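Me: I would like to go through this structure step by step, with a reason given for each answer. Could we start from a single residue and work outwards?

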Amino acid sequence: MSTDSPDVGGISIGILGGTGDQGKGLARRFALAGHSVLIGSRSAERAQAAAASIGGSVRGADNPTVAAEADVVIVAIPWDGHRSTLESLRTELAGKIVIDCVNPLGFDKQGAYALAVEEGSAAQQAAAVLTESRVVAAFHHVSAVLLLDPEVDKIDLDVLVLGDDREATDTVQALAGRIPGMRGVYGGRLRNAHQVEAMTANFISINRRYKAHAGLRVTDI
């Protein structure tokens with residue numbers, strides 16, 4: 001696998017939905033890697049409280065402020081608010097790399113299962129809404145528990161990165177590599193995001209059965 005990746009050290013990262021465990025975990029790890037991180041929420045007060053709980057170079061603000069100020073924006077919002085939130089931020093997100101890590105899942109007595117999405121996937125829905133942004137799918141299978149655990153120095157997994165813009169996917173792969181133990185691996189065009197999002201249901205089943213925080217490794221690259 002090529003090590004010729006772009007220098008992303010100075011990129012600021014915004015996280016929409018950053019008050020949830022996944023968002024806070026990613027914020028924590030990117031802050032530890034030296035990035036300026038902005039946590040977003042519908043409530044600026046909630047975002048500021050979440051940022052204070054992490055500390056370091058993490059700040060909190062309302063979603064529009066974060067979307068406007070950050071260089072790269074991660075979408076980590078609940079699926080049921082996905083479309084409406086992105087529709088409200090079209091202007092602020094125009095021209096930016098937007099990383100969608102949302103997994104459209106349902107839950108019943110048998111466990112987690114993938115939901116059908118009209119556009120094909122959450123990432124494709126994001127691309128359909130944010131026509132002026134560069135949408136990339138990534139960070140779907142990263143355990144929030146591990147991201148938040150101060151005893152875990154390295155997170156041993158590959159992050160599948162999907163998108164139609166080569167420069168954008170290269171940037172996101174490099175960002176994944178900023179977190180110790182992680183590697184960003186190109187996983188195809190955005191049209192292939194559905195199965196990556198859906199695989200999260202499999203990991204939830206694995207984790208429940210084996211009481212684990214399972215990740216993915218791609219061999220031979």
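**From one residue to the core and the pocket**

Reply: We can begin with Phe30, which has a relative accessible area of 1% and is therefore buried. Please keep in mind throughout that this is a predicted model.

Me: Which residues does Phe30 touch, leaving aside those up to four places away in sequence?
Reply: In soluble globular proteins, nonpolar side chains tend to be buried together. Once residues up to four places away in sequence are set aside, the contacts of Phe30 are Ile13, His35, Val37, Ile74, Phe139, Leu175 and Ile179.

Me: Is Phe139 buried or exposed?
Reply: A residue counts as buried when its relative accessible area is under 20%. For Phe139 the relative accessible area is 1%, so this residue is buried.

Me: How are the rings of Phe30 and Phe139 arranged, stacked or edge-to-face?
Reply: A pair of aromatic rings is described by the distance of the centres and the angle of the planes. Phe30 belongs to helix α1, while Phe139 sits in the loop between β8 (134-137) and α7 (144-148), 109 residues apart, and the pair thus links distant parts of the chain. The ring centres are 5.9 Å apart and the planes stand at 90°, and since planes over 60 degrees apart count as edge-to-face, the pair of Phe30 and Phe139 is edge-to-face.

Me: Which element gives the largest share of the largest nonpolar core?
Reply: This core has 37 residues, and Phe30, Ile99, Phe139 and Met182 touch the most other members. Among the elements that give two or more residues to the core are β1 (13-16), α1 (21-32), β9 (157-163) and α8 (166-176). The largest share, 5 residues, comes from α8.

Me: Which element supplies the largest share of the lining of the largest pocket?
Reply: The largest pocket has a volume of about 890 Å³, and of the 36 residues that line it, Gln22, Ala76, Ile77, Pro78 and Asn103 are the closest to its centre. Its lining divides into 14 nonpolar, 17 polar and 5 charged residues. At least two lining residues are supplied by each of α1, β2, β6 (105-108) and α9 (193-210), and the largest share, 5 residues, comes from α9.

Me: Is Arg90 buried, partly exposed or exposed?
Reply: Arg90 lies in helix α5 (residues 90-93) and touches Val129 and Leu130, not counting residues up to four places away in sequence. Its relative accessibility is 41%, and because the partly exposed class runs between 20% and 50%, Arg90 counts as partly exposed.

Technical notes:
Residues are numbered from 1 along each chain as its sequence is written. This is a predicted model: local features need pLDDT of at least 70, side-chain atom pairs count only at pLDDT 80 or more; totals for chains, interfaces and linings use all residues. Side-chain values use heavy atoms; hydrogens and water are left out. A nonpolar core is a set of buried Ala, Val, Leu, Ile, Met, Phe, Trp, Tyr and Cys residues joined through side-chain atoms within 4.5 Å. Buried means under 20% relative accessible area, exposed over 50%, partly exposed in between (1.4 Å probe, protein chains only). Helices (H or I, at least four residues) and strands (E, at least two) are DSSP runs, numbered from the N terminus. Contact means heavy atoms within 4.5 Å. On a 1 Å grid over the protein atoms alone, a cavity is a set of points where a 1.4 Å probe fits but cannot get out, and a pocket is an open set with protein on both sides within 12 Å along at least five of seven lines; lining residues have an atom within 4 Å of a point. Grid points are joined across faces, edges and corners, and a volume is the space filled by probe spheres set on the points. Ala, Val, Leu, Ile, Met, Phe, Trp, Tyr, Cys and Pro count as nonpolar, Asp, Glu, Lys and Arg as charged, and the others, Gly among them, as polar. Rings of Phe, Tyr and Trp (its six-membered ring) pair if their centres lie within 6.5 Å; planes under 30 degrees apart count as stacked, over 60 as edge-to-face and the rest as tilted.
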